[in-house]
Amino acid sequence: MTLGKIADVLTQDSLPPGRILITGATGWVGRETISLLQNTLGDEFDRRVTLAGSRDSKIVLNGRTHHVR
């Protein structure tokens, strides 16, 4: 599934408001997915998305700092 398709799925009204886990958050695909989710979910991002990586770290995307567990 492409990142554009993910955005389409996330904006569907029929999708339940569940949690989203991004693994490999500090890698290229992880960062692109985080950026897409930030734009798609807006204020819901912090409540719905958990970021996971191989070690604790912080990343900055689109001017926002995120903690990776």
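# A tour from the β3-β4 loop

Select Asn62. With a relative accessibility of 52%, Asn62 counts as exposed, because the cut-off for exposed is over 50%. The model is a predicted one, and this tour moves through it one selection at a time.

**Stop 1: the loop at Asn62.** Keep Asn62 selected and look at the backbone. Asn62 sits in the loop that connects β3 and β4. Asn62 is not a glycine, yet its phi is positive, about 55 degrees. The hairpin formed by β3 and β4 has 2 residues between its strands.

**Stop 2: the whole chain.** Zoom out and colour by secondary structure. The chain has 3 helices and 4 strands. Starting at the N terminus, the order of elements is α-β-α-α-β-β-β. Of the 69 residues in the chain, 32% are buried. If you turn on the surface, its accessible area is about 4600 Å², and carbon and sulfur atoms account for 52% of that. Take the contacts between residues at least 6 apart in sequence: 49% of them join residues at least 24 apart.

**Stop 3: the hairpin strands.** Select β3 and β4 together. The two strands run antiparallel and are joined by 5 bridges. Where does Lys58 stand in relation to β4? Lys58 is opposite His67 of that strand.

Now add Thr65, which belongs to strand β4, residues 64-68. Is Thr65 buried or exposed? Thr65 is exposed, since its relative accessible area is 52% and exposed means over 50%. Setting aside residues up to four places away in sequence, Thr65 touches Lys58, Ile59 and Val60.

**Stop 4: Ile59.** One of those contacts of Thr65 is Ile59, so select Ile59 next. Ile59 is in strand β3. Its relative accessible area is 4%, so Ile59 is buried, the cut-off for buried being under 20%. Beyond its neighbours within four places in sequence, Ile59 is in contact with Ala25, Thr26, Arg31, Ile34, Arg64, Thr65, His66 and Val68. Draw a distance from Ile59 to Ala25: the residues are 34 apart in sequence, and their C-alpha atoms are 8.7 Å apart.

**Stop 5: the nonpolar core.** Ile59 also belongs to the largest nonpolar core. To show this core of 12 residues, select Ile20, Ile22, Ala25, Ile34, Leu37, Leu41, Phe45, Val49, Leu51, Ile59, Leu61 and Val68. Four elements give two or more residues each: β1 (20-23), α2 (28-41), β2 (49-52) and β3 (57-61). Which element gives the largest share? That is α2, with 3 residues.

Within the core set, pick Val68. Apart from neighbours within four places in sequence, Val68 is in contact with Ala25, Thr26, Leu51, Ala52, Gly53, Arg55, Asp56, Ser57 and Ile59.

**Stop 6: helix α2.** Select residues 28-41, which are α2. This helix has 14 residues, and from its first C-alpha to its last it reaches 20 Å, close to the 20 Å expected at 1.5 Å a residue. Its buried residues are Gly30, Thr33, Ile34, Ser35, Leu36, Leu37, Gln38 and Leu41. As you look along the helix, a general point helps: an α-helix has 3.6 residues a turn, so residues three or four places apart point the same way. Continue past the end of α2 to Gly42, where phi is positive, near 60 degrees.

**Stop 7: the salt bridges.** Show side chains as sticks. How many salt bridges does the structure hold? There are 2. In general, side chains of opposite charge can pair when their charged atoms come close.

For one of them, select Arg47 and Glu44, whose side chains meet at 2.3 Å, N to O. Arg47 is partly exposed, at 46% relative accessible area. Glu44 is partly exposed too, at 32%.

For another, select Asp46 and Arg64: their closest N and O atoms are 2.9 Å apart. This pair links distant parts of the chain, with Asp46 in helix α3 (residues 45-48) and Arg64 in strand β4, 18 residues apart. Asp46 is exposed, with a relative accessible area of 54%, whereas Arg64 is partly exposed, at 27%. Arg64 also brings the tour back to an earlier stop, as Arg64 is among the contacts of Ile59.

Terms used
Residues are numbered from 1 along each chain as its sequence is written. This is a predicted model: local features need pLDDT of at least 70, side-chain atom pairs count only at pLDDT 80 or more; totals for chains, interfaces and linings use all residues. Side-chain values use heavy atoms; hydrogens and water are left out. A nonpolar core is a set of buried Ala, Val, Leu, Ile, Met, Phe, Trp, Tyr and Cys residues joined through side-chain atoms within 4.5 Å. Buried means under 20% relative accessible area, exposed over 50%, partly exposed in between (1.4 Å probe, protein chains only). Contact means heavy atoms within 4.5 Å. Accessible areas come from the Shrake-Rupley method with a 1.4 Å probe; for residues, only the protein chains shown count as cover. Two strands pair if DSSP finds at least two bridges between them. The expected span of a helix is 1.5 Å times one less than its number of residues. A salt bridge is a side-chain nitrogen of Lys or Arg within 4 Å of a carboxyl oxygen of Asp or Glu.
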